[in-house]
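Work through the exercises below with the sequence and the model side by side. Try each task before you read its solution.

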Amino acid sequence: MDQSKPSFFITTPIYYVNAAPHLGTAYCTMLCDVQARYRRAAGYDVKFLTGMDEHGEKVAEAAQQHGFATPQEWCDSQAPLFKDLWKQLEISNDDFIRTTEPRQNHAVQYLWERMRESGYLYKGSYDGWYCVPEETYFTENQVKKSDEERGAKGEHLCPDCGRPLERVQEESYFFRLSAFQDKLLALYDERPDFVQPAFRMNEVRSFVEGGLTDLSVSRTSFDWGIKVPFDEKHVTYVWFDALLNYMTAVGYGVDSDEARAELAYRWPAQYHVVGKDIIRFHCVIWPAMLMALGEALPEHVFAHGFLTVRNAETGKAEKMSKSRGNAIAPQDVVDLLGVEGYRYYFMTDVAHGEDSAISFERMEQVYNADLANSWGNLISRSLNMSAKYFDGCAPAKPASADAFDNPLAKIADGLVERYMAKMDMLDYGGAKDEVMELIHAANHYIEDSEPWALAKDEAKADELAFVIYNLLEAIRIAAHLLMPLMPQTSVEALRRLSCEGEAASDDLKGICAWGLLAGGQPVEKGDPLFPRLA
Ligand code: ME8
């Protein structure tokens, strides 16, 4: 914690431990990673949190299905899968929370006490429907369906995911969610950017306008969860437990000066990044819980769309999911594109906030066009020419940035601001377009200025040095801007320019100013960073 810098706290959902992580899980985690890296480079003190949601019926069922004696043993066996994948995909999380950890147990018990004091908690009994794969309650009205709309065996089906529902009748504590309708609507009016992208706000608002029913927040027919401190036959409803993880990780409920200082610095979070499937939990239930507790609300909830795959039988695009068993393993994409190609494709080609069908063909296309032919090629050609014409070094810095025509400096002017405006909104495709403009222009600049011809003419030595310097400077700036997406190759590009010391910069605007490249330093051609896929 460096309190001289502004805090930037960003979170992924905590993932259910019901199967191995897949491309969809990785997608959300990567969205956060790119933002975390970008904010570190832009001068924030970042906390990037991810983790696992280990309680609830769904996880207990998965443990049983996999033949584990206890859900805890099952979760322990799965944690390395998540952690190892994040490491492999260059996920730079600062914390990894598991809801079975003592810190979460403590925070949730503290939450129960505060909720009891708040007056928004009461004991009653729940009689209705429950979807285990979604861990969501549904009222009779929400599921009342004609016979045709039932499952093959006449079961009631989940209105959200279409899978069979469970009938639940049990004593339960309720959170008075219905009391927050007006306050939530006022929140959406006052802070229209609370939910991003903007079009998702309508969905949230109309859900709340439709009326809110009180939420059952404890279970008695089931025991894999955190016990309610004042009524031990109840365990906490998995979402009431899970949502609190965001505050647990920054010291909520811990009675120490250090924890209080951390909470004050870190909370509220700047971004909860979630899939559109869990937007109601984050934009309705979680803010209502925080209002009841008198705590500050997160600044933004960003909801992304689903990665979909085509169902071979029906031909329809389906959400990729662990429970549906149609998930693609991240390793398949890593094998094809490498980790950095993987990151680049998913972060820049999947439509911002929308559903997107995954195709290996498209992955290859994007990789070859943007990385092999444009960015990789620019680096190879420019470093090669620099080394060849300037004895293994960069040319000296030109006395003036406009001694000759310099289209690259013109594009670089204001580029970092344009890029940051997109990055701030998690629009990585838009940010990439800004950087690609510089990269494409640099490749054209090579064709137009023909350094190989300049090199043959002694009288053109200044112009040759000018052109090569500009190309190297464009590479240096592009490497900084691409670093959140592709950290390793960007650092490698800087290293080849003898600028690796810049990689740890936390002044993105400053470091991207045109003309910082010293000139005269050694450069290294190296192997292609993005070999073309056949
Ligand atoms: O909902 N495309 O956990 P979960 C894109 N434990 N993203 C996808 C995806 C897909 N096909 N499938 C999953 C839970 N995701 C709760 C969260 S938070 C307090 C508790 C991503 O394992 C997406 O971000 O079902 C989605 O919101 C998340 O995984 C849900 O993961």
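**Exercise 1. Locate proline 197 and state which kind of peptide bond precedes it.**

Step 1. Proline 197 sits in the loop between β7 (195-196) and α7 (199-209). Helices (H or I, at least four residues) and strands (E, at least two) are DSSP runs, numbered from the N terminus. Step 2. The bond joining glutamine 196 and proline 197 is cis, with omega about -10°.

Before going on, note the ground rules. This is a predicted model, in which local features need pLDDT of at least 70 and side-chain atom pairs count only at pLDDT 80 or more, while totals for chains, interfaces and linings use all residues. Residues are numbered from 1 along each chain as its sequence is written, and side-chain values use heavy atoms, with hydrogens and water left out.

**Exercise 2. Do the same for proline 268.**

Step 1. Look in the loop between α9 (257-266) and β12 (271-275); proline 268 is there. Step 2. The peptide bond from tryptophan 267 to proline 268 is cis, and omega is near 10°.

**Exercise 3. Describe the strand pairings of β4 and the residue with positive phi in its hairpin.**

Step 1. Two strands pair if DSSP finds at least two bridges between them. Step 2. β4 (121-131) and strand β6 (residues 166-175) run antiparallel, joined by ten bridges. In this pairing, tyrosine 126 stands opposite glutamate 170. Step 3. β4 also runs antiparallel to β5, through three bridges. Here tyrosine 130 has tyrosine 137 as its bridge partner. Step 4. The hairpin of β4 and β5 has four residues between the strands, and glutamate 135 takes a positive phi near 50° in it.

**Exercise 4. Glutamate 135 and glutamate 450 both have positive phi: is each buried, partly exposed or exposed?**

Step 1. Set the cut-offs: buried means under 20% relative accessible area, exposed over 50%, partly exposed in between (1.4 Å probe, protein chains only). Step 2. Glutamate 135 has 0% relative accessibility, so it counts as buried. Step 3. Glutamate 450 lies in the loop between α15 (428-449) and α16 (451-454). Its phi is about 45°, although it is not a glycine. Step 4. At 37% relative accessibility, glutamate 450 is partly exposed.

**Exercise 5. What is the strand order of the sheet that holds β9, and which are its edge strands?**

Step 1. The order is β9-β11-β10, an open sheet of three strands with antiparallel pairing. Step 2. β9 (218-219) and β10 (227-228) are the edges, since each pairs on one side only. Step 3. β9 meets β11 (residues 231-236) over two bridges. Arginine 219 stands opposite valine 235 there.

**Exercise 6. Find the largest cavity, its volume and its lining.**

Step 1. On a 1 Å grid over the protein atoms alone, a cavity is a set of points where a 1.4 Å probe fits but cannot get out; lining residues have an atom within 4 Å of a point. Grid points are joined across faces, edges and corners, and a volume is the space filled by probe spheres set on the points. Step 2. One cavity of 30 Å³ or more is present. The largest cavity holds about 50 Å³. Step 3. Its lining includes Tyr130, Glu135, Arg219 and Val235. Step 4. Sort the lining by class: six nonpolar, three polar and three charged residues. (Ala, Val, Leu, Ile, Met, Phe, Trp, Tyr, Cys and Pro count as nonpolar, Asp, Glu, Lys and Arg as charged, and the others, Gly among them, as polar.)

**Exercise 7. How many residues are in the largest nonpolar core, and which helix gives the largest share?**

Step 1. A nonpolar core is a set of buried Ala, Val, Leu, Ile, Met, Phe, Trp, Tyr and Cys residues joined through side-chain atoms within 4.5 Å. Step 2. The largest has 177 residues. Those with the most contacts inside it include Trp267 and Phe346. Step 3. Helix α17 (residues 461-482) gives the largest share, 14 residues. Step 4. A second, separate core has seven residues, among them Phe138 and Cys161.

**Exercise 8. How many residues of helix α8 are buried?**

Step 1. Take residues 238-248 and count: eleven of the eleven are buried, so helix α8 is largely enclosed by the rest of the structure. Step 2. Among them are Trp239, Asp241 and Asn245.

Methods
On a 1 Å grid over the protein atoms alone, a cavity is a set of points where a 1.4 Å probe fits but cannot get out, and a pocket is an open set with protein on both sides within 12 Å along at least five of seven lines; lining residues have an atom within 4 Å of a point.
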